[in-house]
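Welcome! Here is a short briefing to read alongside the sequence and the 3D view, one topic at a time.

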Amino acid sequence: CLERVWMLPDVVCDDHAAPYSQLTADEKVDCNSRAFQDACIFILVIELVERLCYYTFAGSQEFFLEQLGYSVQQSAGLNSAFTTLCYLWPLVGGYMADTFWGRYKTIVFFAS
């Protein structure tokens, strides 16, 4: 299913990569299962909400800071710093996940 839909030669299963054709029936992903579909919908909704929040906040932050008394240069600088941190923070999370905690503990830690 994953090879056909996404053309991936390998599937990561329990932190090890194995060719999809060599996985047992228990290890293969059932793309038609309700749990798989629910997980995909959950991920898509989370991504939608995340982007909506980011672009709403980033778009209105500079105007809001100007209303608080910051100059145009200061508010633009703070907005640029916010954008930079938003793009760099996932690198920190990825480093922490790969080095110390593992992906699931990192997701729980940074999400809470």
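In this predicted model, Gln-61 is buried, because its relative accessible area is 13% and anything under 20% counts as buried. Gln-61 is found in helix H2, which covers residues 34-67. Beyond its neighbours within four places in sequence, Gln-61 is in contact with Leu-78, Asn-79 and Phe-82.

**More residues to look at in H2 and H3**

- Gly-59 also has its place in helix H2.
- Is Gly-59 buried or exposed? Gly-59 is exposed, with a relative accessible area of 59%.
- Between the C-alpha atoms of Gly-59 and Asn-79 there are 8.8 Å in space, while the two residues are 20 apart along the chain.
- Leu-65 is another residue found in helix H2, and Leu-65 is buried, with a relative accessible area of 10%.
- If you set aside its neighbours within four places in sequence, Leu-65 is in contact with Tyr-70, Ser-75 and Leu-78.
- One of those partners, Ser-75, lies in helix H3.
- Leu-65 and Ser-75 are 10 residues apart in sequence, and their C-alpha atoms are 5.6 Å apart in space.
- Ser-75 is buried, with a relative accessible area of 0%.
- Which residues touch Ser-75, leaving aside its neighbours within four places in sequence? They are Glu-62, Leu-65, Glu-66 and Tyr-70.

**How H2 and H3 pack**

- Two packed helices are described by the angle between their axes and by the distance between the axes.
- For H2 and H3, the axes come within 8 Å and cross at roughly 155°.
- That makes H2 roughly antiparallel to H3, because angles over 145 degrees count as roughly antiparallel.
- The crossing in which H2 passes H3 is right-handed.
- On the H2 side, the contact is made by Tyr-54, Phe-57, Ala-58, Gln-61, Glu-62, Leu-65 and Glu-66.
- On the H3 side, their partners are Val-72, Ser-75, Ala-76, Leu-78, Asn-79, Phe-82, Thr-83, Cys-86 and Tyr-87.
- Sorted by type, the residues of this contact of H2 with H3 are 10 nonpolar, 4 polar and 2 charged.

**How H3 and H4 pack**

- Helix H3 covers residues 72-101 and helix H4 covers residues 103-111.
- The axes of H3 and H4 come within 8 Å and cross at roughly 135°.
- H3 and H4 are therefore oblique to each other.
- What is the handedness of the crossing in which H3 passes H4? The crossing is right-handed.
- H3 brings Trp-89, Gly-93, Met-96, Ala-97 and Trp-101 to the contact.
- H4 brings Arg-103, Lys-105, Thr-106, Phe-109 and Phe-110 to the contact.
- The residues of the contact of H3 with H4 divide into 6 nonpolar, 2 polar and 2 charged.

**Aromatic rings**

- How many aromatic pairs are there? The count comes to 6 aromatic pairs.
- One of them joins Tyr-95 and Phe-100, with 6.1 Å from centre to centre and 85° between the planes.
- The pair of Tyr-95 and Phe-100 is edge-to-face, because planes over 60 degrees apart are given that name.
- Phe-100 is exposed, with a relative accessible area of 51%.
- Trp-101 and Phe-109 form an aromatic pair that is tilted, with 4.8 Å from centre to centre and 50° between the planes.
- Both residues of that pair also appear in the contact of H3 with H4, Trp-101 on the H3 side and Phe-109 on the H4 side.
- Trp-101 counts as partly exposed at 33% relative accessibility, and Phe-109 counts as partly exposed at 48%.
- Ring pairs also link Tyr-54, Tyr-55, Phe-57, Phe-82 and Tyr-87 into a cluster.

**The protein as a whole**

- The protein has 4 helices and 2 strands.
- In what pattern do these elements follow one another along the sequence? The pattern reads α-β-β-α-α-α.
- Of the 112 residues of the protein, 15% count as buried, with Gln-61, Leu-65 and Ser-75 among the buried residues.
- Among contacts with a separation of 6 or more, 21% are between residues 24 or more positions apart.

How values were computed: Residues are numbered from 1 along each chain as its sequence is written. This is a predicted model: local features need pLDDT of at least 70, side-chain atom pairs count only at pLDDT 80 or more; totals for chains, interfaces and linings use all residues. Side-chain values use heavy atoms; hydrogens and water are left out. Axes are lines fitted to C-alpha atoms, for helices over the stretch in contact, and angles run from 0 to 180 degrees between N-to-C directions. Angles under 35 degrees count as roughly parallel, over 145 as roughly antiparallel, 65 to 115 as roughly perpendicular and the rest as oblique. A crossing is left-handed if the near helix is turned anticlockwise from the far one by less than a right angle, and right-handed if clockwise. Contact means heavy atoms within 4.5 Å. Ala, Val, Leu, Ile, Met, Phe, Trp, Tyr, Cys and Pro count as nonpolar, Asp, Glu, Lys and Arg as charged, and the others, Gly among them, as polar. Rings of Phe, Tyr and Trp (its six-membered ring) pair if their centres lie within 6.5 Å; planes under 30 degrees apart count as stacked, over 60 as edge-to-face and the rest as tilted. Buried means under 20% relative accessible area, exposed over 50%, partly exposed in between (1.4 Å probe, protein chains only).
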